[in-house]
Amino acid sequence: SKIGEFIRTVTVDISAGGCFLITTETFKVGREIAMKIMELSDQAPIIAEVRWRRIWGQSTQIPGVGVMFTKISDSQKNELLSLK
């Protein structure tokens, strides 16, 4: 993917440490991504690392990637946990 490219995803299974992004994009494990979660009042990018992926069509499960937050403010983390 190009730098600055935006991909719309759905974020589920949110925790203090990361989340699952529903996507058919093929992000490589170890890739760093910047993400924005539209429901948060602080729209500063959250930096995350792709830890695992589930490729579309290889199982009957939802495709996407599991990410671990590597740069997230305390206020963003607290607000994320309150959205659950």
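Start by selecting Thr23 together with Ile7, Thr9, Pro63, Gly64 and Val65: leaving aside neighbours within four places in sequence, those five are what Thr23 is in contact with. Keep in mind as you click around that this is a predicted model.

Stay on Thr23 for a moment. Is Thr23 buried or exposed? Its relative accessible area is 8%, and since anything under 20% counts as buried, Thr23 is buried. Now add residues 18-22 and 32-35 to your selection. Those are strand 2 and strand 3, and Thr23 sits in the loop between them.

Next, switch to cartoon view and select the whole chain. You should find five strands and one helix. Follow the chain along the sequence and the order reads β-β-β-β-β-α, with the helix coming after the strands. The radius of gyration is 13 Å, close to the 12 Å that the globule rule gives for 84 residues, so the protein is as compact as a globular protein of that length. For a sense of scale, the C-alpha trace spans about 35 × 30 × 20 Å along its principal axes.

Now try showing contacts. Take those between residues at least 6 apart in sequence: 44% of them join residues at least 24 apart.

Turn on the surface next. The protein exposes about 5900 Å², and 52% of that comes from carbon and sulfur atoms. As for what is tucked away, buried residues make up 29% of the 84, and Thr23, where you began, is buried too.

Last stop: colour by charge. There are 11 positive and 9 negative charges to pick out, and the mean positions of the two sets are 6 Å apart.

Methods
Residues are numbered from 1 along each chain as its sequence is written. This is a predicted model: local features need pLDDT of at least 70, side-chain atom pairs count only at pLDDT 80 or more; totals for chains, interfaces and linings use all residues. Side-chain values use heavy atoms; hydrogens and water are left out. Helices (H or I, at least four residues) and strands (E, at least two) are DSSP runs, numbered from the N terminus. The radius of gyration is taken over C-alpha atoms; the globule rule is 2.2 Å times the number of residues to the power 0.38. Buried means under 20% relative accessible area, exposed over 50%, partly exposed in between (1.4 Å probe, protein chains only). Contact means heavy atoms within 4.5 Å. Accessible areas come from the Shrake-Rupley method with a 1.4 Å probe; for residues, only the protein chains shown count as cover. Lys and Arg count as positive and Asp and Glu as negative; His and the chain ends are not counted. The place of a charge is taken as NZ of Lys, CZ of Arg, CG of Asp or CD of Glu.
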